[in-house]
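Reader: I would like to learn how to read the features of a model such as this one. Please show me the structure before we begin.

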Amino acid sequence: MADIDFYFDPVCPFAWMTSKWVRKVQAQRDYTVDWRFISLRILNAHIDYRSHFPPEYEAGHTAGLRLLRAAASIRREHGRAPIDALYSAFGTRIFDSHTGTYMQGDDDIRGTEGFLAPILAELGLPSNHLAALDDPSFDDEIRAETDGALALTGRDVGTPIIHFQPPEGVAFFGPVISRLPDDDDAVRLWDHVIGLAGFPGFAELKRSLREKPQLKAFGVDVDDVGEQEDWHGGSRRQKK
């Protein structure tokens with residue numbers, strides 16, 4: 001059993017920022033991490049996207065679900081080990097290497113064979129996993145993992161969800177961070193987060209103001225501070 005279960009959606013920028021922080025902590029504390037699935041498209045299945053979210057969100061969340069289908073196919077055939085490098089490849093391409101839009105018409109190219117194929121080739125994974133993008137038979141597995149993550153925290157959360165020292169250890173949504181701490185601050189932040197979340201009576205500490213994360217996809221360099229935005233209900237929803 002891993003020291004940390006980390007539930008991610010590939011298209012969530014804050015999950016990616018938090019994962020980069022967790023990797024810094026992992027390297028210094030020698031933790032093992034099991035990278036698990038949580039789908040924003042499934043989590044928001046009850047939401048009217050057109051009235052609640054910016055126009056590109058539905059296509060983006062759908063692309064995330066499609067990539068998770070491929071990840072589930074890979075995990076089923078090759079075990080859990082490749083998911084570490086797969087998520088790293090997803091995040092690096094989506095957030096650290098790309099500027100501009102992923103939209104082509106009404107579709108998000110992150111959920112296409114053209115996006116996934118070079119990642120599979122780079123990781124030495126067979127191309128048969130491309131077929132999983134269009135295969136909804138993987139959705140029950142992803143939904144069950146999403147529901148399992150939400151059972152740890154309650155349903156009014158987003159991504160990522162972290163479960164430290166499962167099955168009995170503490171679980172929480174976030175933390176939502178926009179800046180990547182250095183190695184010393186990464187461990188210090190981890191200890192503070194685990195200490196706070198581990199208090200039995202603790203439930204929430206929150207600000208809806210968020211800086212744009214230090215990611216190339218958001219036009220923010222690693223040495224810059226992103227502009228603050230007010231997020232309602234954990235997302236840039238059009239309605240509160």
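Author: What follows takes up a pocket, some salt bridges, a strand with its neighbours, and a few backbone details. The model is a predicted one.

Reader: Let us start with empty space. How is it found, and how much space lies in the second largest pocket?

Author: Rolling a probe the size of a water molecule over the atoms shows where empty space is left. In this model the second largest pocket holds about 250 Å³.

Reader: Which residues lie nearest the centre of that pocket?

Author: Glu58, Ala59, Met103, Asp106 and Asp107 do, out of a lining of 18 residues. Two or more lining residues come from each of α3 (49-52), α4 (57-78) and β4 (107-108). Helix α4 gives the largest share, with 5 residues.

Reader: How many of the lining residues of this pocket are nonpolar, polar and charged?

Author: The lining has 7 nonpolar, 7 charged and 4 polar residues.

Reader: Next, charged side chains. How many salt bridges does a search of the whole structure find?

Author: Side chains of opposite charge can pair when their charged atoms come close. Here the search finds 19 salt bridges.

Reader: Which residue forms a salt bridge with Asp134?

Author: Arg66 does, with 2.7 Å between the closest N and O atoms. Asp134 is in the loop between α6 (113-123) and α7 (139-153) while Arg66 is in helix α4, so the pair ties together parts 68 residues apart in sequence. Asp134 itself is exposed, at a relative accessible area of 51%.

Reader: What about the salt bridge of Glu141 with Arg75: which parts does the pair tie together?

Author: The closest N and O atoms of Glu141 and Arg75 are 3.0 Å apart. Glu141 belongs to helix α7 and Arg75 to helix α4, so this salt bridge ties together parts that are 66 residues apart in sequence. Glu141 is partly exposed, with a relative accessible area of 23%, whereas Arg75 is buried at 9%.

Reader: And where in the chain are Glu211 and Arg179?

Author: Their side chains meet in a salt bridge with an N to O distance of 2.6 Å. The pair links distant parts of the chain, 32 residues apart: Glu211 is in strand β7 (residues 209-211) and Arg179 in the loop between β6 (171-173) and α8 (183-197). Glu211 counts as buried at 15% relative accessibility, and Arg179 as partly exposed at 43%. Salt bridges can also be linked in a network, as is the case for Asp5, Asp34, Arg36 and Arg80.

Reader: Now a strand. Which residues point one way from strand β5, and which the other way?

Author: In a regular strand the side chains alternate between the two faces of the sheet. From β5 (residues 161-164), Ile161 and His163 point one way, Ile162 and Phe164 the other, and all are buried. For Phe164 the relative accessibility is 8%.

Reader: How many bridges join β5 to β1 and to β6?

Author: Strand β1 (residues 4-8) pairs with β5 over 4 bridges in the antiparallel sense. Strands β5 and β6 also run antiparallel, joined by 3 bridges. Ile161 stands opposite Tyr7, and its bridge partner in β6 is Phe173.

Reader: Which backbone details should I look for in the turn between β5 and β6?

Author: Most residues other than glycine have a negative phi, and most peptide bonds are trans. The two strands form a hairpin with 6 residues between them, and Gln165 in the turn has a positive phi of about 55 degrees. A cis peptide bond joins Pro166 and Pro167, with omega about 5 degrees; Pro167 is in the loop between β5 and β6.

Reader: Where else do such details occur: which residues does a cis peptide bond join, and where is Asp30?

Author: Thr159 and Pro160 are joined by a cis peptide bond with omega about 5 degrees, and Pro160 is in the loop between α7 and β5. Asp30 has a positive phi near 60 degrees. Asp30 is in the loop between α1 (13-29) and β2 (33-37) and counts as exposed, at 66% relative accessibility.

Reader: One last loop residue: is His129 buried or exposed?

Author: His129 counts as buried, at 0% relative accessibility. His129 sits in the loop between α6 and α7, and its side chain makes a polar contact of 2.7 Å with the side chain of Ser73.

Key:
Residues numbered from 1 in each chain as written. Predicted model: local features only at pLDDT ≥ 70, side-chain atom pairs only at ≥ 80, totals over all residues. Heavy atoms only, no water. 1 Å grid on protein atoms, 1.4 Å probe; cavity = no way out; pocket = protein on both sides within 12 Å on 5 of 7 lines; lining within 4 Å. Points joined across faces, edges and corners; volume = space filled by probe spheres on them. Nonpolar A, V, L, I, M, F, W, Y, C, P; charged D, E, K, R; others polar. Salt bridge = Lys/Arg side-chain N within 4 Å of Asp/Glu carboxyl O. Buried < 20%, exposed > 50% of the residue type's maximum accessible area, 1.4 Å probe, protein only. Pairing = 2+ DSSP bridges. Polar contact = N/O pair within 3.5 Å; in protein donor to acceptor, adjacent residues only side chain to side chain.
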